[in-house]
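Trainee: Please take me through a single part of this model, the surroundings of the ligand. I would like one connected account that I can follow residue by residue.

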Amino acid sequence: MSDGMTSLWEATAAPAPETYPLEGDTTADVAVIGGGIAGLSTAIHLARAGRSVTLLEAEDVGWGASGRSGGQVIPGIKYDPDDMIEMFGPEAGAAAIEAFGATAGKVFELIDRYGIDCDDTRQGWVQPAHSEAGLRIAISRCQQWKKYGADVDELTADEVHSRLGADTGFGGWIDRRAGSVQPLSYSRGLARGALTEGVCIASRSPVTDISSRSGKWQLRTASGATVTAPRVAVCTNAYSRKIWPKLERSYIAANSFQVATAPLSSNLDAKIMPGGIVASDTRRLLAYFRKDRDGRLLMGGRGTFGDPTKPEDFAHVERMLIRTFPDVEGYPIEYRWGGRVAITQDSLPHLHEPQPGLVIMVGCQGRGMALQSKMGEWLGSYIDTGRREALPLPLTRIAPIPFHELRRLYVAATIAYFKLRDVVG
Ligand SMILES: Cc1cc2nc3c(=O)[nH]c(=O)nc-3n(C[C@H](O)[C@H](O)[C@H](O)COP(=O)(O)OP(=O)(O)OC[C@H]3O[C@@H](n4cnc5c(N)ncnc54)[C@H](O)[C@@H]3O)c2cc1C
């Protein structure tokens with residue numbers, strides 16, 4: 001890429017640990033496919049449980065969504081606590097609220113345990129409302145989490161303004177369980193942690209075939225090298241490459257784009273999002289924003305259908321940046337980059353076990369930094385013990401989205417619909 005179309009995270013990340021492609025024919029207790037946060041965290045938790053683990057990554061660790069992310073570490077899923085009670089019933093709902101409410105803490109636990117150098121902040125996440133209707137949602141969300149003991153508070157419009165340095169016009173709420181990381185550094189730090197736990201990480205080793213032999217799984221990589229293991233965790237998420245039948249048709253891979261300005265002047269740096277706070281608004285097609293360690297202002301939002309090819313593809317995100325922070329008009333955009341997020345039909349993450357011993361996780365709806373870190377603990381525990389109670393959600397069958405091949409039209413229609421609803425409040 002050229003012309004400012006590079007990733008900020010690539011430019012500022014901690015170095016990657018040395019890893020090599022898989023060679024020969026090897027065995028392990030568990031093979032993990034995918035070297036993003038989910039795969040790395042799963043590998044760590046399995047290794048700590050005493051299992052031998054080989055992790056296969058098609059490119060390099062953090063290459064997928066994990067290393068391209070906005071890096072906002074926010075607990076929870078798309079659904080609010082009351083929704084979870086309604087969906088799962090009182091007992092399972094309360095367990096889901098506790099489980100999903102604890103996800104951000106897992107990130108900070110892993111950072112502390114492995115001494116990960118990833119510019120982390122732990123100052124909370126602000127959700128400013130974009131309309132009166134958005135404010136009602138934000139207040140209700142805050143009150144629901146407060147009922148379950150979370151460290152959250154409602155914010156007036158003035159309080160939002162002083163925390164963000166942006167005049168969003170409405171109030172909102174703050175969730176102090178949240179924070180941020182440099183996502184590629186965090187992914188690489190997890191890889192270092194996994195290596196210290198004895199995990200074998202094979203990079204540049206795309207799995208091209210999965211077959212079952214005498215009760216074990218054999219994974220073959222593009223070079224012909226193999227790993228044979230009784231258990232497999234598939235953590236390929238929005239970057240799955242036809243690795244398992246129907247998997248890619250069970251979610252929509254939508255693009256999310258980000259831009260980063262040049263470092264702000266000291267005056268603006270003190271005014272805009274001081275102290276490491278992060279934010280995303282209440283729009284259905286949300287805008288997410290934060291600063292990096294050097295005082296660059298980042299803005300992210302929906303992307304185009306295909307991968308970006310030119311700076312103009314980011315024009316709508318740049319307009320959003322100036323609309324939210326008029327003070328930065330005229331600042332050069334130094335970085336533009338994007339990545340894919342997996343959106344499922346019911347907006348829930350999905351866990352599948354299409355055949356015994358092969359577990360798949362997909363779909364974090366664009367909010368996976370915290371979720372996938374904790375998912376590793378849940379998946380690891382399930383694979384280690386076979387206890388379904390270790391999982392926060394039931395295992396489901398892989399359900400392809402009808403007419404998935406028309407997804408471009410579907411996504412376009414959905415975006416147009418949500419844009420309209422955002423405009424009318
Ligand atoms: C632009 C962007 C911004 C985001 N911002 C935020 C945010 O601010 N906060 C937040 O919480 N979430 C955010 N997300 C979502 C979050 O980054 C993801 O949910 C999370 O990183 C997913 O992690 P993962 O490990 O499941 O998947 P990934 O990180 O995508 O890892 C999957 C890996 O599998 C590998 N793979 C695929 N097929 C094979 C194969 N056949 N063999 C071997 N390896 C294979 C891929 O190369 C890839 O590295 C954002 C995502 C994007 C794209």
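Mentor: Helices (H or I, at least four residues) and strands (E, at least two) are DSSP runs, numbered from the N terminus. With those names in hand, β18 gives the most to the shell around the ligand, namely three residues. At least two shell residues come from each of α2 (37-48), β14 (252-261), β18 (333-343) and α11 (369-385). What you see is a predicted model, in which local features need pLDDT of at least 70 and side-chain atom pairs pLDDT 80 or more, whereas totals for chains, interfaces and linings use all residues. Residues are numbered from 1 along each chain as its sequence is written, and side-chain values use heavy atoms, without hydrogens or water.

The ligand has 39 residues around it (near means a heavy atom within 4 Å), and the nearest of these are Glu57, Ser66, Gly70, Asn237 and Cys364. Sorted by class, the shell comprises 16 nonpolar, 18 polar and five charged residues; here Ala, Val, Leu, Ile, Met, Phe, Trp, Tyr, Cys and Pro are nonpolar, Asp, Glu, Lys and Arg charged, and the others, Gly among them, polar.

Look next at the polar contacts (N or O pairs within 3.5 Å) that the protein backbone offers to nitrogen atoms of the ligand. For tyrosine 239, a backbone N or O atom is 3.5 Å from a ligand nitrogen. At glycine 366, a polar backbone atom and a nitrogen of the ligand are separated by 3.2 Å, and for glycine 368 the distance from a backbone N or O atom to a ligand nitrogen is 3.0 Å. Of the 1,000 Å² of accessible area that the ligand has on its own, the protein covers 98% (Shrake-Rupley method, 1.4 Å probe).

Stay with the stretch of chain that holds these glycines and turn to glutamine 365, which sits in the loop between β20 (358-362) and α11. Although glutamine 365 is not a glycine, its phi is positive, at about 55°. Because its relative accessible area is 8%, glutamine 365 is buried (under 20%; exposed is over 50%, partly exposed in between, with a 1.4 Å probe and protein chains only).

Glutamine 365 also helps to line the largest cavity, together with Ile77, Lys78, Pro349, Gly363, Cys364, Arg367 and Leu371. Cys364 therefore appears twice in this account, since Cys364 is also among the residues nearest the ligand. A cavity is a set of points on a 1 Å grid over the protein atoms alone where a 1.4 Å probe fits but cannot get out, and lining residues have an atom within 4 Å of a point. The structure holds one cavity of 30 Å³ or more, and the space in the largest cavity is about 40 Å³, a volume being that filled by probe spheres on points joined across faces, edges and corners. The lining of the largest cavity divides into four nonpolar, two polar and two charged residues.

Two loop residues elsewhere can be set beside glutamine 365. Aspartate 119, in the loop between α5 (103-114) and β5 (125-128), has a positive phi near 50° and is likewise a residue other than glycine, but aspartate 119 counts as partly exposed because its relative accessibility is 26%. Alanine 262 lies in the loop between β14 and α9 (266-271), and with a relative accessible area of 10% alanine 262 is buried.

Note on methods
Polar contact = N/O pair within 3.5 Å; in protein donor to acceptor, adjacent residues only side chain to side chain. 1 Å grid on protein atoms, 1.4 Å probe; cavity = no way out; pocket = protein on both sides within 12 Å on 5 of 7 lines; lining within 4 Å.
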